[in-house]
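Visitor: I should be grateful for a close look at a single part of this model. Please begin with one pair of residues and let the account widen from there.

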Amino acid sequence: MNAGENGADYISFGPAGASALGDGTRAELDLFDWWSQMIEIPVVAEGALDQDIIRTLSPMTDFFAIGEEIWRTEDPVAALKALTDAMQG
């Protein structure tokens with residue numbers, strides 16, 4: 001909330017999925033849900049995204065920061081399509 005009060009254009013929470021980064025703590029579904037209902041600043045989900053996580057978070061997330069999820073695959077275009085298809089429900 002402090003970032004928003006200081007002019008942030010968006011806020012990002014993550015990792016949304018299981019990740020070896022940091023201490024293993026995940027940004028939980030309740031956080032995205034609360035933010036989307038209470039705060040006007042757009043929310044971004046990032047980190048260890050997969051189709052299930054994207055499908056679950058789509059109704060309460062404005063954007064997804066997709067990176068390694070597609071670039072670590074043999075076919076980044078197909079991986080991106082699978083993730084963007086999941087955004088449709």
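Which residue stands opposite Glu-46 in strand 3?

Guide: The residue opposite Glu-46 in strand 3 is Ala-65. Before the surroundings are described, two remarks on the basis of the account are in order. The model is predicted, and local features are accepted at pLDDT of at least 70 and side-chain atom pairs only at pLDDT 80 or more, whereas totals for chains, interfaces and linings use all residues. Residues are numbered from 1 along each chain as its sequence is written, and side-chain values use heavy atoms, with hydrogens and water left out.

The pair belongs to the contact between strand 2, residues 43-46, and strand 3, which run parallel and are joined by 3 bridges. Strands here are DSSP runs of E with at least two residues, helices are runs of H or I with at least four, and both are numbered from the N terminus. Two strands count as paired if DSSP finds at least two bridges between them. In general, the strands of a sheet pair through backbone hydrogen bonds, in either a parallel or an antiparallel sense.

Ala-45 has Phe-64 as its bridge partner in strand 3. Ala-45 is also the bridge partner, in strand 2, of Phe-13. Strand 1 and strand 2 are likewise parallel and are joined by 3 bridges. The result is an open sheet of 3 strands in the order 1-2-3. Strand 1 (11-13) and strand 3 (63-65) form its edges, each pairing on one side only. From one strand to the next the twist averages 30°, an angle taken between lines fitted to C-alpha atoms in their N-to-C directions, on a scale from 0 to 180 degrees.

The connections between these strands pass through helices. Helix 2, residues 29-38, joins with strand 1 and strand 2 in a right-handed β-α-β unit. A second right-handed unit consists of strand 2, helix 3 (residues 51-57) and strand 3. A crossover is called right-handed if, with the strands pointing away from the viewer, the path from the first strand over the helix to the second runs clockwise.

The loops leading into these helices hold two backbone features. Between strand 1 and helix 2, the loop contains Pro-15, and the peptide bond from Gly-14 to Pro-15 is cis, with omega near 0°. Between strand 2 and helix 3 lies Ala-48, which has a positive phi of about 55° although it is not a glycine. Ala-48 counts as partly exposed because its relative accessibility is 24%, and that class falls between buried (under 20% relative accessible area) and exposed (over 50%), with a 1.4 Å probe and protein chains only.

Helix 2 also contributes Leu-31. Together with Met-1, Trp-34 and Met-38, Leu-31 makes a nonpolar surface patch of about 410 Å². Members of a patch have over 30% relative accessible area and no salt bridge; nonpolar side chains (Val, Leu, Ile, Met, Phe, Trp, Tyr) are joined within 5 Å, and like charges within 9 Å. At 31% relative accessibility, Leu-31 is partly exposed.

Helix 3 holds a salt bridge between the side chains of Arg-55 and Asp-52, at 3.0 Å from N to O. A salt bridge requires a side-chain nitrogen of Lys or Arg within 4 Å of a carboxyl oxygen of Asp or Glu. Both residues lie in helix 3, 3 residues apart, which is about one turn of the helix. Arg-55 is partly exposed at 34%, whereas Asp-52 is exposed at 53%.

By this rule the model has 3 salt bridges. Another joins the side chains of Glu-68 and Arg-72 at 3.5 Å from N to O, and both of these residues are exposed. Lys-81 forms a salt bridge with Asp-85, with the closest N and O atoms 2.8 Å apart. Lys-81 and Asp-85 are separated by about one helical turn because they stand 4 residues apart in helix 5, residues 76-87. Asp-85 is partly exposed, with a relative accessible area of 42%.

Helix 5 also contains Thr-84, a partly exposed residue with a relative accessible area of 29%. Thr-84 and Gln-51 are 33 residues apart in sequence, and their C-alpha atoms are 8.4 Å apart in space.

To return to the starting point, Glu-46 stands opposite Ala-65, within the parallel pairing of strand 2 and strand 3.

Notes
Accessible areas come from the Shrake-Rupley method with a 1.4 Å probe; for residues, only the protein chains shown count as cover.
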